[in-house]
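Let's take a walk through this structure together. Have the sequence and the 3D view open side by side, and follow along as we go.

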Amino acid sequence: MFGAATSAYAISFAGVTALQSQADQRLIDRQSPAEEAAARLGEGHDQLEAEVERAAQSYAASVTRYDELAASLSSTEASLERYTGRVEAISGAARSLPDRVTLPTVSRTVTRTISKPRVSATTGASGH
Amino acid sequence: MSAFEDRAMGSPLRLTIGTVPPRASDGDRAWDTVVTSFEASEAAMSRFRETSELTMFNRMAGTGIVSRPSDRLRCALAASDRAHRITGGRFDPRVLADLDRLGYRGAPMAPTSDHLPTALEASSGQRVLSRFGRHGVSLSRPVDLGGIGKGLALRWSAAALARDATTDFLLEAGGDLVARGSDPAGGPWLVGIEDPAAAIDHLAVIAVVESAVATSSIRVHQWSIDGREVHHLLDPRTGDPANGGLRSVTVAGPDPAWAEVWSKVLFIGGRQAIAGEARSRGLAAWWVADDGTLEMTGAARAMTTWVASEAD
């Protein structure tokens, strides 16, 4: 009698264990995609962080370059101001020139030094 | 200086040797070379000789008969054909019928021929000659090789003189000439450009070095027919004498035949077109307008040593 009860128990226990194992496996299977998604989300976050860092570095470099250009532009503007002053000075000098200048009379002398050279032949009309 | 003179191809033929030949016989030999060469050219290309090879070919023109010309005539026909193509038809040796119609006649074509086909009647795309095999030639229309023939005769004679080691000479044929080497004074050969109105002897003097000079002028060949004045420089596009406001055109260039072609083509083109055409082709060209004005291209100015109108 005792043996039979023990056997029944063992069988029942084994059945319960098997059922529990199947339930655990289903739970594991349900949780696996969520874990993978969490892992991918973490990777994306890391990449985004790296991009933001690179953008920040690029921005810092642009700011430095802009500062350099601004300094150069200031120098160019200073040069233009100097040229403007010179042009105004030249323009003022040009305005002070007279509208007409009377040149002295030039006497024109032509010396004929070329005489007709002696020719060896004549090119012209032919005749039959 | 040695000078020789005779007549050939209906024009004065003159040879002037710049350097004194070592022996007097050298000059005579050079002259013999010229005369012999010109005689061969005239026998091949004259339209005025009854017995010339060209007269024979002209009589067979349009019949389809194929004959083998001499080297000189074949070269002359080929050069004429090339000139016709290069000048866009403004040079056309087939104006012979029009010359005949206007009274400038050569040897009769045939006893029964009362109508010669003109250059105008030749289709624009038709060649001057048709070739058959390596040597056979047939003419579509009778041709006149007058100007280009004289240029070729000068070319061949000058080449013959050079082969005989004559280096300094001036060879003239009827207003066209070839200059090689230097004149007796050791300088360039000086050549006067004739005044077509004959009011003065020369309108300008040019220095010719290793070059040829040809002039197309109406000073000599003018006559009246049916009450109108005509001349021998015909426009093949009309069949009538060119009337573009020019009296003469002179061209200098390496070859006398092509100098002759361009002088004629420029003359036909007329006063309005001559400057642009001559300058675009880089030609050394001088021209005299109906009003007696002498004009020239830049290349011509570089050769000009004296101009009558500038000396006055």
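What follows goes from the big sheet of chain B to its helices, a few single residues, and then the place where the chains meet.

Keep in mind from the start that this is a predicted model. A good place to begin is the open sheet of eight strands in chain B, which runs in the order S1-S2-S5-S6-S9-S14-S15-S16 with antiparallel pairing. Which strands stand at the edges? They are S1 (2–8) and S16 (294–296) of chain B; each has a single partner strand, so one side of each has no neighbour in the sheet. Going from one strand to the next, the twist averages 10°.

Let's look at some of the pairings in that sheet. At one edge, S1(B) pairs with S2 (residues 11–17) of chain B through seven bridges, in the antiparallel sense. To find your way along this pair, use Ala3(B), whose bridge partner in S2(B) is Thr16(B). Further into the strand order, S5 (residues 169–173) and S6 (residues 176–180) of chain B run antiparallel and are joined by five bridges. Here the pair to pick out is Phe169(B), which stands opposite Arg180(B) in S6(B). If you are tracing side chains along these strands, a general rule helps. In a regular strand, side chains alternate between the two faces of the sheet.

Now go back to S1(B) and S2(B), since the link between them is worth a stop. The two strands form a hairpin with two residues between them. One residue in that turn, Met9(B), has a positive phi of about 50°, even though Met9(B) is not a glycine. Is Met9(B) buried or exposed? Met9(B) counts as buried, because 23 C-beta neighbours lie inside 10 Å and the cut-off for buried is 20 or more.

Compare that with Asp226(B), which sits in the loop between S10 (222–225) and S11 (228–231) of chain B. Asp226(B) also has a positive phi of about 50° without being a glycine. Its surroundings are another story: Asp226(B) has 7 other C-beta atoms within 10 Å, so it counts as exposed.

Next, the helices. H6 (residues 256–269) of chain B packs on the eight-stranded sheet, where it touches S6, S9, S14 (246–253) and S15 (284–289) of chain B. The direction of H6(B) makes about 150° with that of S14(B).

H6(B) also meets another helix, H5 (residues 146–163) of chain B: the two axes come within 7 Å and cross at roughly 155°. That angle is over 145°, which means H5(B) is roughly antiparallel to H6(B). The crossing is right-handed. On the H5(B) side, the residues that meet H6(B) include Gly147(B), Gly151(B), Leu152(B) and Arg155(B). On the H6(B) side, the partners include Pro256(B), Ala259(B), Glu260(B) and Lys264(B). By class, this helix contact has seven nonpolar, two polar and four charged residues.

There is one residue that ties these pieces together, Ala214(B), found in strand S9 (residues 211–217) of chain B. Which residues does Ala214(B) contact, leaving aside neighbours within four places in sequence? The list has Gly151(B), Asp176(B), Val251(B), Pro256(B), Ala259(B), Glu260(B) and Ser263(B). Ala214(B) counts as buried, since it has 32 C-beta neighbours inside 10 Å. Ala285(B) is 71 residues away from Ala214(B) in sequence, yet their C-alpha atoms are 9.7 Å apart.

Finally, turn to the place where the chains meet. The contact takes 14 residues from chain A and 30 residues from chain B. The chain A side has five nonpolar, seven polar and two charged residues.

The chains also share a sheet: an open one of four strands, in the order S1(A)-S7(B)-S8(B)-S17(B), with mixed pairing. Its edges are S1 (121–123) of chain A and S17 (304–307) of chain B, each with a single partner strand, so one side of each is left without a neighbour. The twist here averages 30° from one strand to the next.

How does the chain A strand join in? S1(A) runs parallel to S7 (residues 189–194) of chain B, with three bridges between them; Thr122(A) stands opposite Gly192(B). At the other edge, S8 (residues 202–208) of chain B pairs with S17(B) in the antiparallel sense over three bridges, and Ile206(B) stands opposite Thr304(B).

How values were computed:
Residues are numbered from 1 along each chain as its sequence is written. Chains are lettered from A and ligands numbered from 1 in the order in which they are written. This is a predicted model: local features need pLDDT of at least 70, side-chain atom pairs count only at pLDDT 80 or more; totals for chains, interfaces and linings use all residues. Two strands pair if DSSP finds at least two bridges between them. Axes are lines fitted to C-alpha atoms, for helices over the stretch in contact, and angles run from 0 to 180 degrees between N-to-C directions. A residue is buried if 20 or more other C-beta atoms lie within 10 Å of its own, exposed if 12 or fewer, and partly exposed in between; C-beta atoms are placed from the backbone. Two residues are in contact if their C-beta atoms, placed from the backbone, lie within 7 Å. Ala, Val, Leu, Ile, Met, Phe, Trp, Tyr, Cys and Pro count as nonpolar, Asp, Glu, Lys and Arg as charged, and the others, Gly among them, as polar. Angles under 35 degrees count as roughly parallel, over 145 as roughly antiparallel, 65 to 115 as roughly perpendicular and the rest as oblique. A crossing is left-handed if the near helix is turned anticlockwise from the far one by less than a right angle, and right-handed if clockwise.
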